[in-house]
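Visitor: I am new to protein structures and would love a close look at a single part. Could you take me through the nonpolar core, and then show me what else is worth finding around it?

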Amino acid sequence: MNMIKKHMLVMVMVVSMFTGLAQGASDYDRLKPWLEDETIAVLSIDINNINTQTVFDQIAKIAVADGQLDQNMKAEMDQTKILIDGYINQFRTEGVQFVYLLANMYDLPSFYIVVTHEPGKACPSVAGVIQLLNAVVVNGMPFIKLDTVKDENDVLFAGSATTLQRLQAATRPERPDIASALKADDSYGVKLILAPTVSLHRVIAETIEPVDLCGEMFTGADINSSVQWAAIGLNLDKQLQITYTLKSADGQAASRAAVLVGKFFECCLKDEIIGNDIRPLFDALQPVVTQDKLQCSLNHEQINNMLIPILNTMAQSDKLQADSYVSMKKVKSILLACIIYCDKNGNKMPDALNDLLVAGELKAEDIASPLPGSGYIYRGNDLTTKVKNPAAMIAIYERFEINGQASFTIGFMDGHVERRAQAAFTEALAKDNALRKEQNLTEKPDETVK
């Protein structure tokens, strides 16, 4: 499956699972029993008001505009929708009402889940999803740790045992910042609330060194005065809508924050952290200041215009990765065939790749590159396995292009293969020729240069 399709399906699954449509999907009174003085983030979802068809229609519209939607992708999206709808229907049958994901300074980087449901009903499907989350491993480590699941008083908790003990023992604090953030986007079914705590503000002030953002100095104090709380709302009824609000200490701090946001975007573009093709995203996200708040709201047309260039960039990146994999796999197989040929022919490399066909080591299709570019450039005809520094001697390479950018796959005499950009390839070629000169071998130019 094309990698861009995988990205699209992931987007569909994430948006579908975390998109609610009813007003007041979460409120402070419902959430308060699970808040602490060190709660820094809350994601709330109304499970009873999820419209997967609308989500999939919106994603399909973006894919069509980007030229990515074909019959295979449509079939995969339909299958994914059936799977998600199955889970959602199970949740609804079990009486699930709201799902909260809460992050706390005590637990970082982990979080805990709170699920409210109808009285007297169990939630086996939710417990099953939690088991799946616990099974996710990243870099050999569990992604999260929700080792304790407890359903009591029509609320299911999933998190660590120490978190549950702390929540049960703690006195409920008042969190007016979270209450205000919830009200900021009260018409949105999914809300992400960020509320820096006193201790987090202290950490920020003490640890963040001054940073120059394109001529504007930025400090930890700027963060603390700029963000008292933040609310990001997502709604997808007939049309996608997203809004965000950042509450600052006062109007002056809000104006300062807006300047720093613009400077941050400017630096990202200047340092090529982001490309100009996704500049519309950053332009659209630039907030306006209203009294002591920074606010931004995006409608479906703006979001479509933002997503299409991003998806194009993702597609280009995925194609590069896919082509790189194909190139490295085939160059590696040709290189190994050459080394096997050496073993059978007095440590001498074949005079040409066609000799591998005659010897039966490879077939014709094995030495024909499927990628647009120069094909396989063989320069090992005068080499043996006795050459000096075989890890730097180039036996074969391939140049291929994506959107005008060159990439090279290099097979070295010691049997390893690398992918390098133009500058690094030129450096490797120069080192190879220096070794050739030392060993009285003919120096060879880059044969992909016309």
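**A walk through the core**

Guide: Let's begin with the largest nonpolar core, which has 27 residues; V96, V99, L101, I113, V115, V126 and L156 are those with the most contacts inside it. Please keep in mind that this is a predicted model. Several elements give two or more residues to this core: β1 (39-46), α3 (52-65), α4 (71-93), β2, β3, α5 and β7 (155-159). Helix α4 gives the most, with five residues. As general background, nonpolar side chains tend to be buried together in soluble globular proteins.

Now pick out L101 on your screen. Leaving aside residues up to four places away in sequence, L101 touches A41, V42, L43, I45, F111, Y112 and I113. There is also a second, separate core of 23 residues, and C338, Y341, Y376 and L383 are included in it.

Let's turn to the aromatic rings. The structure holds seven aromatic pairs. One of them is formed by Y87 and F91, and this pair is tilted because the ring centres are 6.3 Å apart and the planes stand at 40°. Both residues lie in helix α4, four residues apart, or about one turn of the helix. Their surroundings can be described too: Y87 is partly exposed, since its relative accessible area is 29%, while F91 counts as buried at 6%.

Compare that with the rings of F408 and F425, where the centres are 3.8 Å apart and the planes are at 0°, so this pair is stacked. Here distant parts of the chain are linked: F408 sits in strand β17 (residues 405-412) and F425 in helix α14, 17 residues apart. Both F408 and F425 are buried. Ring pairs also link W34, Y112 and F157 into a cluster; you have already met Y112 as a residue that L101 touches.

Next come the charged side chains. In general, side chains of opposite charge can pair when their charged atoms come close. The structure holds 20 salt bridges. One of them joins R166 and D107, with the closest N and O atoms 3.0 Å apart. This pair links distant parts of the chain, as R166 is in helix α6 (residues 161-169) and D107 is in the loop between β2 (96-104) and β3 (111-117), 59 residues apart. R166 and D107 are both buried.

In another salt bridge, the side chains of D222 and R256 meet at 3.1 Å, N to O. D222 lies in helix α9 (residues 220-226) and R256 in helix α10 (residues 251-270), so the pair ties together parts that are 34 residues apart in sequence. D222 is buried, with a relative accessible area of 9%, whereas R256 counts as partly exposed at 25%.

For a pair inside one helix, look at R436 and D432, whose closest N and O atoms are 3.3 Å apart in a salt bridge. These two are four residues apart in helix α14 (residues 422-438), so about one helical turn separates them. R436 and D432 are both buried. Salt bridges that share partners join R379, D382, D432, R436 and K444 into one network.

Finally, come out to the surface. There V136, V138 and F143 form a nonpolar patch, with about 250 Å² of accessible area together. V136 is found in the loop between α5 (124-135) and β4 (137-138), and it is partly exposed because its relative accessible area is 34%.

Methods: Residues numbered from 1 in each chain as written. Predicted model: local features only at pLDDT ≥ 70, side-chain atom pairs only at ≥ 80, totals over all residues. Heavy atoms only, no water. Patch = residues over 30% accessible without salt bridge, like charges linked within 9 Å, V, L, I, M, F, W, Y side chains within 5 Å. Areas by Shrake-Rupley, 256 points an atom, 1.4 Å probe, with all protein chains shown as cover. Salt bridge = Lys/Arg side-chain N within 4 Å of Asp/Glu carboxyl O. Buried < 20%, exposed > 50% of the residue type's maximum accessible area, 1.4 Å probe, protein only. Core = buried A, V, L, I, M, F, W, Y, C linked by side-chain atoms within 4.5 Å. Contact = heavy atoms within 4.5 Å. Phe/Tyr/Trp six-rings, centres within 6.5 Å; stacked < 30°, edge-to-face > 60°.
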